[in-house]
Amino acid sequence: KCGTSGRAFGERRLVNRLYLLRHAKAGWALPGMRDFDRPLDDGGKADAEAVGIAMRACGYVPDLTLCSNATRARQTLEGIAGHADTGRVLFFDTLYMEDAAGYLDIIRNHGDKGSVLVIGHNPMMEDLATAVAGDGDDEAQAAMVGGMPTSGLAVIRFDDSLSVAAPGKGYLEAFFTPADL
């Protein structure tokens, strides 16, 4: 499920890779609770940990993580970080409400850091993955046809810095969910 990682496990070299992760499954909002504050359910917590374990096994190491400030996204990050390196982490309220173009702007503004993990929401994550991956591994592309479920991780490689990432310029190396592991 790792795809063509471009490096041996544990080897660090500059790779311009964008990891797009939809937050793990959240519980229903309790009466009076804002959608922004919904926490992960037990399955979501387990899925976040599974993604972290898979990222470590595949050698997927972001230099920077851009995470929505929504509770479910932050808790997804916590689950991953318990098992994998997430690099420097920045939180953004705007990743809760921006569209795919807004996500891409945020990525470009921080894209000079090497590889970037974005933990965000649908439909933005799915729209962005579809827009930037102009080509890809056949198996990964087939897996993404059904959309991006919670805890879905798209791994997209770029030839140039993510600061100039553009629609159609990426290569979808891998796509998986915890159900695939």
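This briefing covers the sheet, one helix residue, the salt bridges and the disulfide of the structure above.

The model is predicted: local features need pLDDT of at least 70, side-chain atom pairs count only at pLDDT 80 or more, and totals for chains, interfaces and linings use all residues. Residues are numbered from 1 along each chain as its sequence is written, and side-chain values use heavy atoms, with hydrogens and water left out. An open sheet of 7 strands is present, along with 7 salt bridges and 1 disulfide.

**Sheet**

- The strand order is β3-β2-β4-β1-β6-β7-β5, and the pairing is mixed. Strands (E, at least two residues) and helices (H or I, at least four) are DSSP runs, numbered from the N terminus. Two strands pair if DSSP finds at least two bridges between them.
- The edges of the sheet are β3 (88-92) and β5 (133-136), each of which pairs on one side only.
- On average, neighbouring strands of this sheet are turned by 25° against each other, direction ignored. Axes here are lines fitted to C-alpha atoms, for helices over the stretch in contact, and angles run from 0 to 180 degrees between N-to-C directions.
- At one edge, β5 pairs with β7 in the parallel sense, over 3 bridges. D135 has Y171, in β7, as its bridge partner.
- At the other edge, β2 and β3 run parallel and are joined by 5 bridges. The bridge partner of L66 is L90, in β3.
- A right-handed β-α-β unit is made by β2, helix α2 (residues 71-81) and β3. A crossover is right-handed if, with the strands pointing away from the viewer, the path from the first strand over the helix to the second runs clockwise.

**Salt bridges**

- A salt bridge is a side-chain nitrogen of Lys or Arg within 4 Å of a carboxyl oxygen of Asp or Glu. For the accessibilities below, buried means under 20% relative accessible area, exposed over 50% and partly exposed in between (1.4 Å probe, protein chains only).
- E173 and R157 form a salt bridge with an N to O distance of 2.8 Å. E173 lies in strand β7 (residues 170-176) and R157 in strand β6 (residues 153-158), so this pair ties together parts that are 16 residues apart in sequence.
- E173 is buried, at 1% relative accessible area, whereas R157 is partly exposed, at 29%.
- R17 belongs to a network of salt bridges with R157 and E173.
- D35 and R38 meet through their side chains in a salt bridge of 2.9 Å, N to O. D35 is partly exposed, with 33% relative accessibility, and R38 is buried, with a relative accessible area of 15%.
- In a further salt bridge, K113 meets D112 at 3.2 Å, N to O. K113 is partly exposed, at 39% relative accessible area, while D112 is exposed, at 54%.

**Residue A100**

- A100 is located in helix α3 and is buried, with a relative accessible area of 16%.
- Not counting residues up to four places away in sequence, A100 touches M124, D127 and L128. Contact means heavy atoms within 4.5 Å.
- The C-alpha atoms of A100 and N122 are separated by 9.3 Å, and the two residues are 22 residues apart along the chain.

**Cysteines**

- C2 and C58 are joined by a disulfide with an S to S distance of 1.8 Å. A disulfide is a pair of cysteine sulfur atoms within 2.5 Å.
- The disulfide of C2 and C58 is left-handed, because the torsion about its S-S bond is about -75°.
- C2 lies in the segment before β1 and C58 in helix α1 (residues 42-58), so the disulfide ties together parts that are 56 residues apart in sequence.
- C2 is partly exposed, with a relative accessible area of 25%; C58 is buried, at 10%.
- C67 is buried, with a relative accessible area of 0%.
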